[in-house]
Amino acid sequence: MIYLLHGEDKTASYARLSQILQNYHGKARVNFAKENTKDDLYLVVLGGNLFGEESVVIAQNFIRDKKLTPKDQIFKKIPDGRILILWEHWQLTPGEVKSLAPFSHIESFKPEPLIFRFLDSLSPNSKSSLRALQNLQSETPRPAPSLTREDERAAYSYPLIWHLSARTLYLIIAKLGAESAVAAQITGRPLADWQWQKIKNQAKLFDLETLKNFFAGALKADLMAKTAKTDLDQFTISSLLILKYLNRQM
């Protein structure tokens, strides 16, 4: 089995790597990094039973550093029970992904738009959330059509209050102990396993009542904005919501 984790969001890819390793807890583990060669990797992956037939091998940036190419035999001859994880700290080209797809389970981790960094910062500590909101406001690209990355265009096509409501709904679902399939059915937006794990970890910071109140407040604020019952901008409204509902540690 070959996993290929690639992309510049190293925090997210490391979280996914950790999750995969948990699935193979107790198996022998071998790490290869910059100082190792292709021969080192081949010796362990295609060699004898030195590290146990069921072992996990992690190779960092072997494709970026041109130690491996999609044509290498390692992709076709990996023994049964041997797990190879290629952890690439950069975005592979579409051609490389296409070439490796027949042999590998591939997951991509692109840097998330700024707005998701803010959403990830939400916690009962209003100071940290307000600080992240201020950073978002100062760094948010304008006008939106000037953005070049497709994921940023998609993210910023929704108002900030909508994002707050959507994230809080995910947190409520996670707090209730539901699985990602339930969240996808309710929201219509499926999440990868590593993304749902991140949501579950964030939900642990809150009590359910706080999340429910924050969600209700965000929905009310969204309705007021849409019906022109307030002339406050999205950032000011978000600040007020955070101060009202996430004020535990002020």
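# Exercises on pockets, bridges and backbone

By class, six nonpolar residues, two polar ones and no charged ones make up the lining of the largest cavity. Keep in mind that the model you're working with is predicted.

## Exercise 1: the cavity

Task: work out which residues line the largest cavity and which helices supply at least two of them each.

Solution.

1. Start with the count: the structure holds one cavity of 30 Å³ or more. The space in the largest cavity comes to about 40 Å³.
2. Next, list the lining: Leu 122, Thr 168, Leu 171, Phe 206, Thr 210, Leu 211, Phe 214 and Leu 246.
3. Now map the lining onto helices. At least two residues each come from α8 (160-175) and α11. Helix α11 gives the largest share, three residues.
4. Finish with the chemistry: the lining has six nonpolar and two polar residues, with no charged ones.

## Exercise 2: the second largest pocket

Task: find which residues sit closest to the centre of the second largest pocket, and say how its lining splits by class.

Solution.

1. Volume first: the second largest pocket holds about 270 Å³ of space. It is lined by 14 residues, and those closest to its centre are Thr 11, Ala 12, Ala 15, Trp 194 and Lys 198.
2. Then look at where the lining comes from. Helices α1 (10-23), α5 (114-121) and α10 (193-203) each put in at least two residues, and the largest share, five residues, belongs to α1.
3. Sort by class, and you get four nonpolar, four polar and six charged residues.
4. Lys 198, one of the residues closest to the centre, is worth remembering for the next exercise.

## Exercise 3: salt bridges across the chain

Task: for the pairs Glu 107 with Arg 16 and Lys 198 with Asp 120, work out what each one links and whether the partners are buried or partly exposed.

Solution.

1. A search of the whole structure turns up six salt bridges.
2. Take Glu 107 and Arg 16: their closest N and O atoms are 2.9 Å apart. This pair ties together distant parts of the chain, with Glu 107 in strand β5 (residues 105-108) and Arg 16 in helix α1, 91 residues apart. Both partners are buried.
3. Now Lys 198 and Asp 120, where the closest N and O atoms are 3.2 Å apart. Again distant parts of the chain are linked: Lys 198 is in helix α10 and Asp 120 in helix α5, 78 residues apart.
4. For burial, use the window from 20% to 50% for "partly exposed". Lys 198 has a relative accessible area of 27%, so it is partly exposed. Asp 120, at 30%, therefore counts as partly exposed too.

## Exercise 4: a bridge within one helix

Task: explain why Lys 226 and Asp 222 are separated by about one helical turn, and decide whether each is buried or exposed.

Solution.

1. The two residues form a salt bridge, with the closest N and O atoms 3.1 Å apart.
2. Lys 226 and Asp 222 are four residues apart in helix α11, so about one helical turn separates them.
3. Check the accessibility. Lys 226 has a relative accessible area of 63%, so it is exposed, whereas Asp 222 counts as buried because its value is 11%.
4. Back to networks for a moment: salt bridges with shared partners join Asp 120, Arg 167 and Lys 198 into one network.
5. One more distance for Asp 222: it lies 15 residues from Ile 237 in sequence, and the C-alpha to C-alpha separation is 9.1 Å.

## Exercise 5: positive phi and a surface patch

Task: say where Asn 61 and Lys 66 sit, whether they are buried or exposed, and which residues form a nonpolar patch on the surface.

Solution.

1. Asn 61 has phi near 60°, a positive value in a residue other than glycine. Lys 66 also has phi near 60°.
2. Asn 61 is in the loop between β3 (55-60) and α3 (74-77), and Lys 66 is in the loop between β3 and α3 as well.
3. Their accessibility splits them: Asn 61, at 7%, is buried, whereas Lys 66, at 72%, counts as exposed.
4. The patch consists of Leu 232, Leu 240 and Leu 243, which have about 250 Å² of accessible area together.
5. Zoom in on Leu 232: its loop runs between α11 (208-226) and α12 (234-245). With 40% relative accessibility, Leu 232 counts as partly exposed.

Notes. Residues are numbered from 1 along each chain as its sequence is written. This is a predicted model: local features need pLDDT of at least 70, side-chain atom pairs count only at pLDDT 80 or more; totals for chains, interfaces and linings use all residues. Side-chain values use heavy atoms; hydrogens and water are left out. Patches are made of residues with over 30% relative accessible area and no salt bridge: like charges are joined within 9 Å, nonpolar side chains (Val, Leu, Ile, Met, Phe, Trp, Tyr) within 5 Å. Accessible areas come from the Shrake-Rupley method with a 1.4 Å probe; for residues, only the protein chains shown count as cover. A salt bridge is a side-chain nitrogen of Lys or Arg within 4 Å of a carboxyl oxygen of Asp or Glu. Buried means under 20% relative accessible area, exposed over 50%, partly exposed in between (1.4 Å probe, protein chains only). On a 1 Å grid over the protein atoms alone, a cavity is a set of points where a 1.4 Å probe fits but cannot get out, and a pocket is an open set with protein on both sides within 12 Å along at least five of seven lines; lining residues have an atom within 4 Å of a point. Grid points are joined across faces, edges and corners, and a volume is the space filled by probe spheres set on the points. Ala, Val, Leu, Ile, Met, Phe, Trp, Tyr, Cys and Pro count as nonpolar, Asp, Glu, Lys and Arg as charged, and the others, Gly among them, as polar.
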